[in-house]
Every structure is written in structure tokens, then in C-alpha cells.
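Work through the exercises below with the sequence and the coordinates at hand. A worked solution follows each task.

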Amino acid sequence: MSDVRARVSGADAGDEPGGGELSAEPAVRPLAVSGIVAAVWCAGLGLTTLTTVTLIGWIAAPRTALGTGLPGVFRTAVNFWLVSHHAGFSVPHGRVGLLPLGLTVLPGALLFRGGGWITRTGRVRGRYRIGVVHAALALAVPYAVLAFLLALLARSTVVSPSAWQALLACFLLALVAGGLGAARALVASTTKRSPWVAIFMLLPHRARSLAAGVTGAMTVLIASGLLIFLVSLLFHVSELTHIYGMLGTGIVGGILLTIVSITYLPNAAIWAVSYAVGPGFAVGAGTSVAPSGVFVGMIPSFPPLAALPSPGPAPLVSLLALAVPFAAGVAGGVLTVRSLPSAVGEAAPLWGFVCGVLTGGVVAFLAALSGGPVGGHRMAVMGPSAWQVGLMAALEVGVSAAIAAWAANWHLLRRMPPAEDDAPAPEPAAEPAKPSDKVQFEDPEPVLATVEVPPPLPDGVTPIGERQRLPGVPRPRKEAEPGSVSPIRKRPPRDRPR
């Protein structure tokens, strides 16, 4: 049966123009079938990519590092695929939970495309939000089941992935990324504007302003954290070179190690944000890297860790990072008020502080994802404390956002034109001056115009335009023109005989 069928668009499309015309369109599959096909496609393409990278590393590195034989290579690739979804695994000496957040881009992009494909080929019914939820669930459920089965198949005596983490992490990632893809595809088919702008405009006004403020504050925080990390790494180039030389990876191994280090850039940026907020982060049990001081011991030989400052008091230059959360609060407060100014001046600081609290919650969530154990014993504590970083970020960003929101709202209200009710009443126009100050009275009786009486006509001559009147016949009365008022003559009373 062909994949292309002809249908009457006027009967099924409803509001589509050109009803009654035959059009060739792709066959519409059931939503569940489209979800299963998209889930297999996303998982297969992601596994193919990571298997290729693993094979290159297996050829370049010692054969026992990435598994024994091709089954071991495929098992290692499956573990990498689960790690890209932020699903941890266990090793003989503990558990590994410090996973690269940058590797999540690969499955996230594939799931985003899969969600858009489902809306175009599946029978997405119902209202807009219901259709997005149905499409996201149709993709997330089979994708999570497939990840759960792969986690069970990839277990070995050395590495044992967590099946429940694989199920939960893959379901959430597929639900979010697939839902965004489905929403973008649905909006793009109904509007001519940018799909992201259209999705943003679907939010309520206050939620839209808070989303703009949180996005602006998080952009400042993440960009500043990445800049802090790169500057610190630039100051410690010698330590970075020493780590590469000590590992002796060679050309291919060095390229692969650099790619892995790049996938940890989001983690490094969040750790730098934790440093700027105040609590800092840990690189092992009993260690601390914070503005109050640096206390570290033996650290793993991993290139991103070369950016750590030397033990002792924090460098004076690094204290400039403490201004980052306050700058983020200013950006968040201004964007919150600019999106929706508050008519009541006292409410603007409140919404600015709410923006800061929400930003603190996002920072805490990212801090929890960026850290995790690397084995057992001393390396069981790696990364920032989520609740400490979130609480400090909420206070610092919230206070600065409240002040900035109040100032921005006052400035906007001052520049706005006054309302019609508050505008002053216009003054009456001055009457033109009269030529004389004396009071003039009008004559109540009309002035009679002088009428020139024509001379009498001779006997037997009839005037032009008049008919000859026979004696004894009364003259016809002339009807009054419409809209005119005929004058009423009052005859003087005559004395009647009693």
C-alpha cells in the first residue's frame, strides 16, 4: 500500500481552504505507532553515534580499557548512551554519578526532532495543550521502556547501570524534549511568527514576565560562570599541560579526552556559579573551594580540574566573582518589570523577589545535576551542595532583583503618559472681546423692509404669470412649502349684536 494517499480535504480538514479538492498527503499513523517508531529512531541514532566514538577509542586506546571484544564495546557504548541521559552506574568500589551535562545535548536534540515528527505523522487530537501532552507521552513511554531494557542488557561484573535511574531519567528527558518539539511543530503550522515567540506568548502575562526575568538572570549566571572557569583555566595552563603529559594519551586519545572534557563544560560553569554565590563546591570529602578559602587534597587527573585555584586563601581577583549574582538579579528584575509593569509601586519589588526565588530553585536543580560521586570513600563527595547554593542564590538574586524591579518600575511609570481620568480638565476658551463694553439690547420688533409698489395696470390687462380671474370666483389659496410656517393673521374682534 502506498505511503501517499488522496483524501478530500474539505471533509476532514474543516477550516482548510479549498474544500473539496483532492490533495496528496502522507499517510496518518496512529499516535502510539508514531511514538514507538520515533523512540526506536532516536535511540538507534544515538547508540550508533556513541558506538562509533567508542570503537575509535577502543582502536586507539588499550583494548581492555573499553571492554573485551565487540560485545564489550557495544556494552560500553550502551553505558555511555545511558550516561548521556544522566543515568548513573555502579563500579566495584562505589558508584559514579558525576556525569557530563553537555552530553545530554545529543539525545535531547534527537528527541526534539522526534516530537515534531510525531505531530506531523500521528493523529494528534484535542486542544493544543492536550495534543502536546499526548505526543510527548507517546514518545516518552516507549523510549523509557527501551532504556530500561538496555540497562538490564548492558550489565557486567565491572559496570552495572542503574535500571530505575535509566527508566526515570530517559522518561523525563523524552517528555521535556519531545514536548517542546511537538509544541514547536504545532505552533509553526498555525502561525507565521517565530514558533518560540508564539510558545512564549501562550503563557499568562505574569508567568511570561517571570519567565523572562528568570531566563535573563540564569543567562547572566551561566555565562559568567563559564567565563570564570575559562579565565581560571587560562591562568593554569601549565597544570593542564602537565595532566595531558602524565596521562600519555597520544593524538587520538588526546582528541577523545578533549571531547569528553568539553562535555563537562556545563558542569564546570555551574561549579563556578556556586563559587560566585558563596558556598562553593567540594572536590572530595572534607574539601572546599570557596571565596573563604581553598582546601583540597589529592585530586583526579582530569583536564577541567586543572582550573582549581591553589590551596590557601582565595585569590584577590577571584573575589570579583561575588558580584555575579547581584548583576544577575539586576537583569532579572529589570526584565520582569519591562515585560509587565506594575501599576502599584509596592508590588514591583515583590515580583522581583519572586523572580530571584525562582532563579534560586533553578540553580539548586542544576547544582544537584552537576555533581555526584566518583567511586567510593573520599571521592564520594564531588560538586556543590544543592540546598546551600540554591538558598544563597535566592537571597542574593532576590534582593538585588527586588531593588532593580522597583527602580525600573518607577522609571517606566514616570515615562508613561497620564491616564484620561487623571489628566487635568481643559480650560474653557476665552470669548472674543466685544468692540464696546456697553450692553446692547436687540430690538424685539423686526425691521420692515420697504416694498416698492408697481404702477397700476390698465383695464383689461392681466399680469404675466397669472390667469384671468372671473368675477365671483375666489382666488385659489397657495399651499405652503414643506417645512415653512404660514403666518397666522389675527382679525380684530367685531361687535356682534346681542
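**Exercise 1: a histidine in a helix**

H242 lies in helix α9, which covers residues 237–247. The model is a predicted one.

Task. Is H242 buried or exposed?

Solution. Step 1: the relative accessible area of H242 is 52%. Step 2: the cut-off for an exposed residue is over 50%. Step 3: H242 is therefore exposed. As a further check on its surroundings, take S301, which is 59 residues from H242 along the chain; the two C-alpha atoms are separated by 9.5 Å.

**Exercise 2: a threonine and a valine**

Task. Classify T359 by its relative accessible area, then state which residues it is in contact with beyond four places in sequence.

Solution. Step 1: locate T359 in helix α13, residues 347–370. Step 2: the relative accessible area of T359 is 0%, and buried means under 20%, so T359 is buried. Step 3: leaving aside neighbours within four places in sequence, the contacts of T359 are V214, A217, M218, L221 and V397. Step 4: G213 is 146 residues from T359 in sequence, yet the C-alpha to C-alpha distance is 8.7 Å.

Task. Do the same for V78: is it buried or exposed, and which residues does V78 touch?

Solution. Step 1: V78 has its place in helix α3. Step 2: its relative accessibility is 2%, so V78 counts as buried. Step 3: V78 touches L47, L150 and A154, if residues up to four places away in sequence are not counted. Step 4: between V78 and L153, 75 residues apart along the chain, the C-alpha separation is 9.0 Å.

**Exercise 3: two helices that cross**

Task. What is the relative orientation of α8 and α11, and what kinds of residue make the contact?

Solution. Step 1: the axes of α8 (residues 205–235) and α11 (residues 265–277) come within 7 Å and cross at roughly 100°. Step 2: angles of 65 to 115 degrees count as roughly perpendicular, and α8 and α11 are therefore roughly perpendicular to each other. Step 3: α8 contributes L221, I222, G225, L226, I228 and F229 to the contact, while α11 contributes L265, A268, A269, I270, A272, V273 and A276. Step 4: sorted by type, the residues of this contact are twelve nonpolar, one polar and no charged.

**Exercise 4: a sheet and the loop before one strand**

Task. What is the strand order of the open sheet of four strands, and which strands are at its edges?

Solution. Step 1: the order is β5-β3-β4-β9, with antiparallel pairing. Step 2: β5 (160–161) and β9 (374–375) each pair on one side only, and these are the edge strands. Step 3: β3 (residues 89–91) and β5 run antiparallel and are joined by two bridges. Step 4: S90 has S160 in β5 as its bridge partner.

Task. Where is H86, and what is its phi?

Solution. Step 1: H86 is in the loop between α3 (69–84) and β3. Step 2: its phi is positive, about 65°, although H86 is not a glycine.

**Exercise 5: the whole chain**

Task. Describe the protein chain by its secondary structure, burial, contacts and surface.

Solution. Step 1: the chain has 14 helices and ten strands. Step 2: of its 498 residues, 36% are buried. Step 3: among contacts with a separation of 6 or more, 71% are between residues 24 or more positions apart. Step 4: the accessible surface is about 31,700 Å², and carbon and sulfur atoms account for 67% of it.

Methods: Residues are numbered from 1 along each chain as its sequence is written. This is a predicted model: local features need pLDDT of at least 70, side-chain atom pairs count only at pLDDT 80 or more; totals for chains, interfaces and linings use all residues. Side-chain values use heavy atoms; hydrogens and water are left out. Buried means under 20% relative accessible area, exposed over 50%, partly exposed in between (1.4 Å probe, protein chains only). Contact means heavy atoms within 4.5 Å. Accessible areas come from the Shrake-Rupley method with a 1.4 Å probe; for residues, only the protein chains shown count as cover. Two strands pair if DSSP finds at least two bridges between them. Axes are lines fitted to C-alpha atoms, for helices over the stretch in contact, and angles run from 0 to 180 degrees between N-to-C directions. Angles under 35 degrees count as roughly parallel, over 145 as roughly antiparallel, 65 to 115 as roughly perpendicular and the rest as oblique. Ala, Val, Leu, Ile, Met, Phe, Trp, Tyr, Cys and Pro count as nonpolar, Asp, Glu, Lys and Arg as charged, and the others, Gly among them, as polar.
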